[in-house]
Amino acid sequence: ESGRQIYAFTLWRDRFPDAQNCLINSASFSPNGLFLVTSSNKIGTDVWDLDQGQRVDHERIADGFAIPWPSAPQLLTYSRFGREVSMRDPMDGLPFRDFVQPGSFLDQALISPDGQYIATSTKSNLSEIFVWDATTGKPLMTCRGNQSAVNGFCFSPGSDLLATASSDNSIRLWKLESGEQRSLYPIRPRREQPIAVASPDGQRL
């Protein structure tokens, strides 16, 4: 509301006095808004209580990125130098389901709000997005059609659409049930790479 800083979480201070030796790769809020999950290659994954500003869980997970699972305590973790996306128990950090990305190293991974889909992109073909069944780990569809790299993608709040933002100056909407492209929105060329973020009500992108 005010824009003022509430907490500063210093992951690196005790172990790495030089902050540049411990870059934070990802920071994500839990769906209930009570916790923040941060991940770093050197320190691991930490869960923070936003009410108290204190660390409540710490795991030495080697993967560099961690995302809270919607409506459940699991974590989704991945590394941009690996091919596996893992679902983990946040209490012990152990994986109980892995998704192996064929062909190349991962670039990004994302969970749908209903927890049914996982979307990934790879470093070898940044113009394609792969969608997986989160329950079975099987690939469901590949979003093809972007003429350049996809810099960001997001699910709709209802988990029925996937939006991709590409360097070809376009935003595309994809139907998750059929894999078909539903809409194409040209955007003005700009120096910054576009990303896609959906509003909570799903009415704006």
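This passage describes the confidence, the sheet and the nonpolar cores of a predicted model.

The mean pLDDT of the chain is 76, and 77% of the residues reach 70 or more. Confidence varies between elements: strand β4 (residues 54–59) has the lowest mean, 74, whereas strand β11 (residues 129–133) has the highest, 88. Where pLDDT is low, the predicted coordinates should not be read in detail.

Strands β9, β10, β11 and β12 form an open sheet of 4 strands, arranged in the order β9-β10-β11-β12 with antiparallel pairing. Its edges are β9 and β12 (139–143), each of which pairs on one side only. On average, neighbouring strands of this sheet are turned by 20° against each other, direction ignored.

Within the sheet, β10 (residues 117–122) is joined to the antiparallel strand β9 by 5 bridges. In this pairing, Ile111 stands opposite Ile118 of β10. The two strands form a hairpin with 5 residues between them, and Gly115, located in the turn, has a positive phi of about 75°. Strand β10 also pairs with β11, again in the antiparallel sense, over 4 bridges. Here Thr120 stands opposite Phe130 in β11. A hairpin is likewise formed by β10 and β11, with 6 residues between the strands.

The surroundings of β10 are reflected in its burial. Because 6 of the 6 residues of β10 are buried, this strand is largely enclosed by the rest of the structure. Tyr117, Ala119 and Ser121 point one way from the strand, while Ile118, Thr120 and Thr122 point the other way. Residues on both sides of β10 are thus described as buried.

The largest nonpolar core comprises 14 residues, of which Leu76, Tyr78, Val85, Phe99 and Ile118 touch the most other members. At least two residues of this core are supplied by each of β5 (65–68), β6 (75–78), β7 (84–88), β9 (106–111) and β11. The largest share, 3 residues, comes from β9. Apart from this core lies another, of 12 residues, which includes Tyr117, Ala119, Ile129 and Val150.

Taken with the side-chain directions, these memberships place β10 in relation to both cores. Ile118, which points one way from the strand, is a member of the largest core. Tyr117 and Ala119, which point the other way, belong to the core of 12 residues.

Definitions and conventions
Residues numbered from 1 in each chain as written. Predicted model: local features only at pLDDT ≥ 70, side-chain atom pairs only at ≥ 80, totals over all residues. Heavy atoms only, no water. pLDDT = per-residue confidence, 0-100. Core = buried A, V, L, I, M, F, W, Y, C linked by side-chain atoms within 4.5 Å. Buried < 20%, exposed > 50% of the residue type's maximum accessible area, 1.4 Å probe, protein only. Pairing = 2+ DSSP bridges. Axes fitted to C-alpha atoms, helices over the stretch in contact; angles between N-to-C directions.
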